[in-house]
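Reader: I should like to learn how features of a model are read from its coordinates. Please take me through some cases.

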Amino acid sequence: MLAVLGFVTILLVLALIMSKKVSTLVALIFVPAITGFIAAFINAPNVIIQAAQAAAEKAGTAYVEPVITFGTRFTKALSILSADYMGKGLSSIVATGVMFIFAILFFSTCSDAGVFDPIINRILKFTGEDPVKVCIGTFLIGCICHLDGSGATTFLIAIPACMPLFQKLKMNLWVEATIVALAAGIMNVMPWGGPTVRAAAAMSGLGYEVTGSELWVGIMPAWIAGLEVTGLTEAKTTSTSNELARSGWRWYFNVALILVILYILVTNRLSPAITFMIGYCVLLIVNYPSVDLQHKIINSHAQAAFLMVSIVFAAGAFTGVVKNSGMLAAMTDALVSIIPTSMGTFIAPVVGLFSVPLSLLFDPDSYYYGVMPVIANAVSAMGGNALAVAKASIMGQMTLGFPLSPLTGATFLLLGLSGQDLGDHQKHTLPYAWFASAIMVAVGCVACGLLF
């Protein structure tokens, strides 16, 4: 039952978002609230009994089985939904939400101050008015930014830096979001990328001594093929004003401030939320000492920041329900149980082909520590290569697929910085990400031993 609820929850949310029947905010809150209550109602008797047993043990008295009425079960389900499901989901995302608010304010104000103008002008000298070169340059910037494996850092650097260039050439901003997402996704396959590290750890736990570097080297031809797949389009957009631009020593100060903040983020000297809060205050004081001007700038970006953080908190409630209710674990078991054993050595390529859409259903921990090991064991039992499942998985599952998934905060950071809607972003980017992943799988079958 929980597996059915889980799949219904995710499919309904994705369908509502992509069809634009309701806003992203409503879909991420309302649907899991309903299905989460149903799951809580199902789980309530066990929770009540466990609480009674724990109380009796603590008090040293005999356990008396509680009488569970409909009203008791209903009330307990409401409590479980609010505190254990949605509440825990929200509490886990608070720091991320605060970081997103101040990150958007910080980089938006940097753009107002003209920090990126000289960089963009130099890139323009290289790219000229050629949108193809602009897209290639954006892709390379995204790849370089993601060398540290952090999606948040990549989007925080690449999107604000390249956006003025897209605006100046009147190119569609969803193209920028798609290209940066593809760059971050393909670079997430690197040995220190989260999915690759998880895949290596899970396979090592099964007795296959393998490192992230070995997995990456094992699919090197496929990875290189994935780097070569990009898409681009051109359309009109608006240009920004330079009235708030700052030059001279302030420009150098702003660049130094950005570098200091990025250094702190990479080295974890402070939490990202605190870093951006302090950094934004310094940025405003130095560039716009007038209180009235500070209010004007904050208000000009407040709507985007509010929309962003509201979706982040909604996503926290959504993931809290799916994970804490047991839906995610049940979906994992159900997915594994329907894979026919007769597929044999063809399982790994099939896993690779569906690795991108699987990113919309499973977070990386659930997939790499729950789903993948079972599939790998099944393949091994049928005489296939278990490591091929790991290689195929990292060709899309939370690599090329992670900037599309509503289960990752980085996706909403990308959307907030680029001003895109989740449904539109998925419609535009999913085909390219899936195509790139399919190319990697095809090359992997020929050159990387996915069929052996």
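Author: The dialogue below treats helices, burial, contacts, the nonpolar core, the surface and the backbone in turn. The model is predicted, and for that reason local features need pLDDT of at least 70 and side-chain atom pairs count only at pLDDT 80 or more, while totals for chains, interfaces and linings use all residues. Residues are numbered from 1 along each chain as its sequence is written, and side-chain values use heavy atoms, with hydrogens and water left out.

Reader: How is a helix delimited, and what is the span of H8?

Author: Helices (H or I, at least four residues) and strands (E, at least two) are DSSP runs, numbered from the N terminus. The expected span of a helix is 1.5 Å times one less than its number of residues. Helix H8 covers residues 173-187, 15 residues in total, and reaches 21 Å from its first C-alpha to its last, close to the 21 Å expected.

Reader: Is H8 mostly covered or mostly uncovered?

Author: Burial is judged by relative accessible area: buried means under 20%, exposed over 50%, and partly exposed in between (1.4 Å probe, protein chains only). H8 is mostly covered, with 15 of its 15 residues buried.

Reader: Which residues touch the most other members of the largest nonpolar core?

Author: A nonpolar core is a set of buried Ala, Val, Leu, Ile, Met, Phe, Trp, Tyr and Cys residues joined through side-chain atoms within 4.5 Å. The largest one here has 140 residues, of which Leu28, Phe106, Phe155, Leu156, Phe276 and Met372 touch the most other members. H8 gives the most to this core, with 12 residues.

Reader: What does Leu156 touch?

Author: Contact means heavy atoms within 4.5 Å. Not counting residues up to four places away in sequence, Leu156 touches Met99, Ala103, Phe107, Leu265, Phe276, Leu413 and Leu417.

Reader: Which residues is Leu283 in contact with?

Author: Leu283 lies in helix H13, residues 272-287, and counts as buried because its relative accessibility is 0%. Leaving aside neighbours within four places in sequence, Leu283 is in contact with Phe106, Thr109, Cys110, Asn254, Leu257 and Tyr288. Leu283 and Phe253 are 30 residues apart in sequence, with their C-alpha atoms 9.0 Å apart in space.

Reader: What of polar residues such as Thr138: is Thr138 buried or exposed?

Author: Thr138, in helix H6 (residues 131-145), counts as buried because its relative accessibility is 1%. Apart from residues up to four places away in sequence, Thr138 touches Cys162, Phe166, Glu176, Ile179 and Val180. A second threonine, Thr35, is found in helix H2 and is buried, with a relative accessible area of 6%. Its contacts, again leaving aside neighbours within four places in sequence, are Leu5, Thr9 and Met327.

Reader: Where is Trp216 found?

Author: Trp216 is found in helix H10, residues 212-218, and is buried because its relative accessible area is 16%. With neighbours within four places in sequence set aside, Trp216 is in contact with Val189, Met190, Pro191 and Trp223.

Reader: Which residues make the nonpolar surface patch?

Author: Patches are made of residues with over 30% relative accessible area and no salt bridge; like charges are joined within 9 Å, and nonpolar side chains (Val, Leu, Ile, Met, Phe, Trp, Tyr) within 5 Å. A salt bridge is a side-chain nitrogen of Lys or Arg within 4 Å of a carboxyl oxygen of Asp or Glu. Accessible areas come from the Shrake-Rupley method with a 1.4 Å probe, and for residues only the protein chains shown count as cover. The patch of about 610 Å² is made by Met1, Val22, Val26, Phe30, Ile34, Ile38 and Ile42. Ile38 lies in helix H2, residues 24-59, and counts as partly exposed because its relative accessibility is 34%. An α-helix has 3.6 residues a turn, so residues three or four places apart point the same way.

Reader: How is Phe306 classed?

Author: Phe306, in helix H14 (residues 291-324), counts as exposed because its relative accessibility is 61%.

Reader: What is noted about the phi of Lys170?

Author: Most residues other than glycine have a negative phi. Lys170 is not a glycine, yet has a positive phi of about 55°. Lys170 lies in the loop between helix H7 (151-168) and H8 and is partly exposed, with a relative accessible area of 42%. Met398, likewise not a glycine, has a positive phi of about 65°. Met398 is found in the loop between helix H19 (386-393) and helix H20 (409-418), and is buried because its relative accessible area is 2%.
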